[in-house]
Structures are given as structure tokens and as C-alpha cells.
Amino acid sequence: MRFDILSLFPEMFPAVLSASILGRASKGGFASYHLHNIRDFADNKHAKVDDRPFGGGPGMVMMCQPLHDCVQAVEKMDETPATRILLTPQGEVLKQKRIEELAKKPRLLIIAGHYEGVDERVIDELKPLELSVGDYVLSGGELAAMILIDAIVRLLPGVLGHEDSAAEDSFSARGQEGKRLLDCPHYTRPQVWKDRVVPEVLLSGDHGAVEKWRQEQMIERTKNRRPDLSEE
Ligand code: ADE
């Protein structure tokens with residue numbers, strides 16, 4: 001999958017995109033990341049990308065022209081059609097179902113908004129899918145974009161080995177009625193730590209019993225912690 005990331009702070013990305021699973025995915029050819037600085041597309045001599053809001057008020061607003069021209073130019077860099085995404089606290093709150101859908105696309109063009117917001121006219125013109133990573137406000141869309149990319153890349157076929165398969169993650173695993181479930185508790189050595197013992201069944205070697213216990217734990221945890229989780 002090709003990712004084009006449009007940002008005013010592209011220098012925030014390389015450490016995250018080159019480490020761990022995201023790094024492994026690009027080295028293995030499952031994902032490619034292309035960073036673009038929106039400022040490079042400003043057509044004024046000071047490379048200005050933001051301005052004061054009409055009507056007054058605090059903060060600055062991202063201007064239409066640099067972002068629009070950046071999107072147009074980046075889309076032409078590859079013939080694969082891109083799904084446009086804007087990270088904004090006003091977007092649809094991300095859930096695993098949306099991540100699963102996006103993981104099937106060949107190319108995502110991800111815009112990290114910044115400052116107080118983006119001029120509404122360029123949003124109307126570009127019609128991106130507007131996504132939020134939660135009901136809180138970040139200083140910019142960059143961290144949100146990294147969250148989105150991470151959640152998608154780990155679902156790409158071949159990225160995770162058998163040992164850390166995504167199918168058993170929280171939200172991916174499902175109960176009998178198809179409801180999404182939280183993950184079960186996990187334990188590793190030592191068997192006793194600060195007088196706390198590992199549940200006996202996990203040491204029994206009985207795979208059927210282990211599976212049954214894990215499924216029960218998942219259902220119980222979901223009921224206690226996230227009764228709102230849906231069947232989607
Ligand atoms: N930009 C600022 N806050 C954000 C959020 N919660 N989700 C996505 N983008 C954002």
C-alpha cells in the first residue's frame with residue numbers, strides 16, 4: 001500500500017515510520033511512505049501557509065492554495081487512485097471497522113491538519129474522508145496520522161508474523177454473536193511474581209481448556225469495561 005502524507009511538519013514522521021512493525025512493513029515491501037511538505041507548494045514569496053481567521057478569533061487557519069496544490073501534485077506522482085483523508089477532531093471517530101476497510105485500499109493520501117483548522121473551502125473542494133482519533137484535541141494531525149497508519153499497516157497481509165497475528169487483537173476478535181471483543185489477559189515467565197501466580201489453566205497444556213478460558217475472559221472483560229462495543 002502506498003501512503004502519501006501531507007504535513008507542515010514532515011520531520012515528525014521518520015522515527016515512527018522506520019521503527020518496529022511500520023519499519024518492517026516498508027522494508028518488506030508491504031507499505032511505502034512518501035512525505036510531502038505542504039509549505040513547498042505555497043505560491044507566495046514567503047511560503048506562507050496560514051492566515052488569521054475571517055471574523056476574528058484566536059489561532060491561525062491553513063490556507064486553501066498550498067494544500068490544494070500539494071494534493072494535486074502528489075496525486076500525479078503515481079497513477080494509483082488515492083483515497084483522501086483529513087485528520088481532524090471534527091471527523092468520524094476511528095473504529096477498527098473503518099481501519100479494516102481502509103486496509104483494503106491501494107493508496108491513501110493523508111492530510112495532517114494544523115493550527116486552528118483548515119479553510120473550509122478546500123475541504124469542500126477536496127472532499128476528503130474526515131477522521132478523528134478520539135474526542136480530545138491534539139496540537140496537529142501528525143500524531144493522529146501516525147496512529148491511523150500504524151493501525152492500518154499491521155492489518156496488511158504479510159506484515160505480522162504468525163506469532164503476533166492481528167486476528168486475536170482487541171476489537172478484531174469476536175464473540176458468538178459477532179460482537180467485537182477486548183483481548184484477554186496475558187502472562188509470561190516467571191510463574192510466580194510478588195506472590196502473584198499465573199492462572200493454573202495456562203500451565204495445564206490443555207489447548208482446548210486454554211482457548212475456552214481466554215474466550216470467557218474476553219467476554220467478561222468486554223462486558224465489564226466496554227459494554228458499548230458493537231457488532232459491526
Ligand atoms: N487534530 C487535532 N486533534 C485531532 C484528533 N483528535 N483527531 C484527529 N486529528 C486531530
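Domain bounds in this report come from an automatic or database domain assignment. For this chain, that assignment gives domain 1 (2-153) and domain 2 (170-231). The C-alpha centres of domain 1 and domain 2 lie 36 Å apart.

The structure is a predicted model, in which local features need pLDDT of at least 70 and side-chain atom pairs count only at pLDDT 80 or more, while totals for chains, interfaces and linings use all residues. Residues are numbered from 1 along each chain as its sequence is written, and side-chain values use heavy atoms, with hydrogens and water left out.

**The ligand and its shell**

A residue counts as near the ligand if one of its heavy atoms lies within 4 Å of it. The residues that surround the ligand include Leu87, Thr88, Pro89, Tyr136, Leu138 and Ala144. By class, the shell has 8 nonpolar, 4 polar and no charged residues. Here Ala, Val, Leu, Ile, Met, Phe, Trp, Tyr, Cys and Pro count as nonpolar, Asp, Glu, Lys and Arg as charged, and the others, Gly among them, as polar.

The table gives polar contacts, that is, pairs of N or O atoms within 3.5 Å; within protein, one atom must be able to donate a hydrogen and the other to accept it, and residues adjacent in sequence count only if both atoms are side-chain atoms.

| Backbone N or O atom of | Distance to a nitrogen atom of the ligand |
|---|---|
| Thr88 | 3.2 Å |
| Tyr136 | 2.8 Å |
| Leu138 | 3.0 Å |

Taken alone, the ligand exposes 260 Å², and the protein buries 96% of that; accessible areas come from the Shrake-Rupley method with a 1.4 Å probe, and for residues only the protein chains shown count as cover. Strand 5 (83-93) and strand 8 (129-132) are the elements that give two or more residues to the shell, and strand 5 gives the most, with 3 residues. Helices (H or I, at least four residues) and strands (E, at least two) are DSSP runs, numbered from the N terminus.

**The largest pocket**

On a 1 Å grid over the protein atoms alone, a pocket is an open set of points where a 1.4 Å probe fits, with protein on both sides within 12 Å along at least five of seven lines; lining residues have an atom within 4 Å of a point. The largest pocket has a volume of about 470 Å³, the volume being the space filled by probe spheres set on the points, which are joined across faces, edges and corners. Of its 21 lining residues, the closest to the centre are Val93, Leu94, Lys95, Gln96 and Lys97. Helix 4 supplies the largest share of the lining, 5 residues. The lining has 9 nonpolar, 3 polar and 9 charged residues. Domain 1 and domain 2 both give residues to this lining, so the pocket lies between them.
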